[in-house]
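Student: I am new to this structure and would like a close look at a single part of it, the largest pocket. Could you take me through its lining with care, and then show me what else can be said about the parts of the chain around it?

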Amino acid sequence: MTDVKGLSIAILGGTGDQGKGLARRFALAGHPVFIGSRSAQRAQEAAETIGAGATGDENAAVAARADLVIVAVPYDGHKALLESLRGELAGKIVVDCVNPLGFDKQGAYALPVEEGSAAQQAAAVLPDSRVVAAFHHVSAVVLMDPAVDKVDLDVLVLGDDREATETVQALAAVIPGVRGVYGGRLRNAHQVEAFTANLISVNRRYKAHAGLRITDI
């Protein structure tokens, strides 16, 4: 497995639930973690709640500083943010975990994306970055729960750059209990993002924090 020891990680949108949850787990695993936000103060406050050496700053600053960048922002601000950081993200592995979802009285549903998926949108906006799709189905509640030592979850990792996907698979595996599983090319990211709506429905019906496991591998 690819060695990711010491890899520094920036999380854009790291003040949100999913971003903070991932930041917490990676920081506990010993990685330098930088929380990003539009507000440096909000980012610093989020980092303080996480502890384990995490720090916070504006999105552009953490994107420039880190080895690998995770995008965990709301979909409605996704494209504009990445366009503004094209220079800072050039040459880096950019992990997109954004789920383009809408909500109405019937629950969650997948939104159409012109490029096919949020991850493909990221790849179109960031031609000089190595875009990978991953971490879509991770429960923020589970990630933040100090009583959960091992997270019962497989993370589907999709991308067109084999070295980049293997790096992200290995990064997923630093979270105890988690496996990173190759899930195909980036063109297949739409159904992975959309499946989050199904998981939300499962969790609401059963009052759970369900994830995904792949059998026979």
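Tutor: Sorted by class, the residues that line the largest pocket are 17 nonpolar, 15 polar and four charged. Please keep in mind from the start that this is a predicted model, and that each value below is computed from it. The lining of this pocket is made by 36 residues, and those that lie nearest its centre are Asp17, Gln18, Ala72, Val73 and Pro74. Its volume comes to about 970 Å³. Several elements give two or more residues to this lining, namely helix H1 (17-28), strand E2, helix H4 (78-84), strand E6 (101-104), helix H7 (140-144) and helix H9 (189-206). Of these contributions, the largest share is that of H9, which supplies four residues.

Let us follow some of these elements outward, beginning with E2. Strand E2, residues 33-37, runs parallel to strand E3, residues 55-58, and four bridges join the two. One residue of this pairing can be named on each side, since Phe34 has Thr55 in E3 as its bridge partner. Between the two strands comes helix H2, residues 40-50, and E2, H2 and E3 together make a right-handed β-α-β unit. The loop between H2 and E3 holds Ala52, a residue that has a positive phi of about 55° although it is not a glycine. With a relative accessibility of 44%, Ala52 counts as partly exposed, because the class of partly exposed residues lies between 20% and 50%.

Helix H4, another of the elements that give two or more residues to the pocket lining, leads to a charged pair. Side chains of opposite charge can pair when their charged atoms come close. Here the side chains of Lys79 and Glu115 meet in a salt bridge, with 3.6 Å from N to O. Lys79 belongs to helix H4, whereas Glu115 sits in the loop between strand E7 (107-110) and helix H6 (118-125), so this pair ties together parts that are 36 residues apart in sequence. Lys79, at 35% relative accessibility, counts as partly exposed, and Glu115, at 23%, counts as partly exposed as well.

The search of the whole structure finds eight salt bridges, and some others of them help to place the later elements. The side chains of Arg185 and Asp160 meet in a salt bridge, at 3.9 Å from N to O. This pair links distant parts of the chain, 25 residues apart, with Arg185 in the loop between strand E10 (178-184) and H9, and Asp160 in the loop between strand E9 (153-159) and helix H8 (162-172). Arg185 is partly exposed at 45% relative accessibility, and Asp160 is partly exposed with a relative accessible area of 48%.

Within H8 there is a salt bridge between the side chains of Glu166 and Arg162, at 3.0 Å from N to O. Both residues lie in that helix, four residues apart, which is about one turn of the helix. Glu166 counts as partly exposed at 32% relative accessibility, while Arg162, at 66%, counts as exposed. Elsewhere, salt bridges link Asp152, Asp154, Arg179 and Arg213 in a network.

Asp154 from that network also appears in the lining of the largest cavity, together with Phe135, His136, His137, Val138, Val155, Leu156 and Val192. The structure holds one cavity of 30 Å³ or more, and the space in the largest cavity is about 30 Å³. Strand E9 gives the most to the lining of this cavity, with three residues. By class, the cavity lining divides into five nonpolar residues, two polar and one charged.

To finish, follow the chain beyond H9, the helix that gives the largest share of the pocket lining. In the segment after H9 lies Asp216, whose phi is near 70°, a positive value in a residue other than glycine. At 80% relative accessibility, Asp216 counts as exposed.

Notes
Residues numbered from 1 in each chain as written. Heavy atoms only, no water. Pairing = 2+ DSSP bridges. Right-handed = clockwise from strand over helix to strand, strands pointing away. 1 Å grid on protein atoms, 1.4 Å probe; cavity = no way out; pocket = protein on both sides within 12 Å on 5 of 7 lines; lining within 4 Å. Points joined across faces, edges and corners; volume = space filled by probe spheres on them. Nonpolar A, V, L, I, M, F, W, Y, C, P; charged D, E, K, R; others polar. Salt bridge = Lys/Arg side-chain N within 4 Å of Asp/Glu carboxyl O. Buried < 20%, exposed > 50% of the residue type's maximum accessible area, 1.4 Å probe, protein only.
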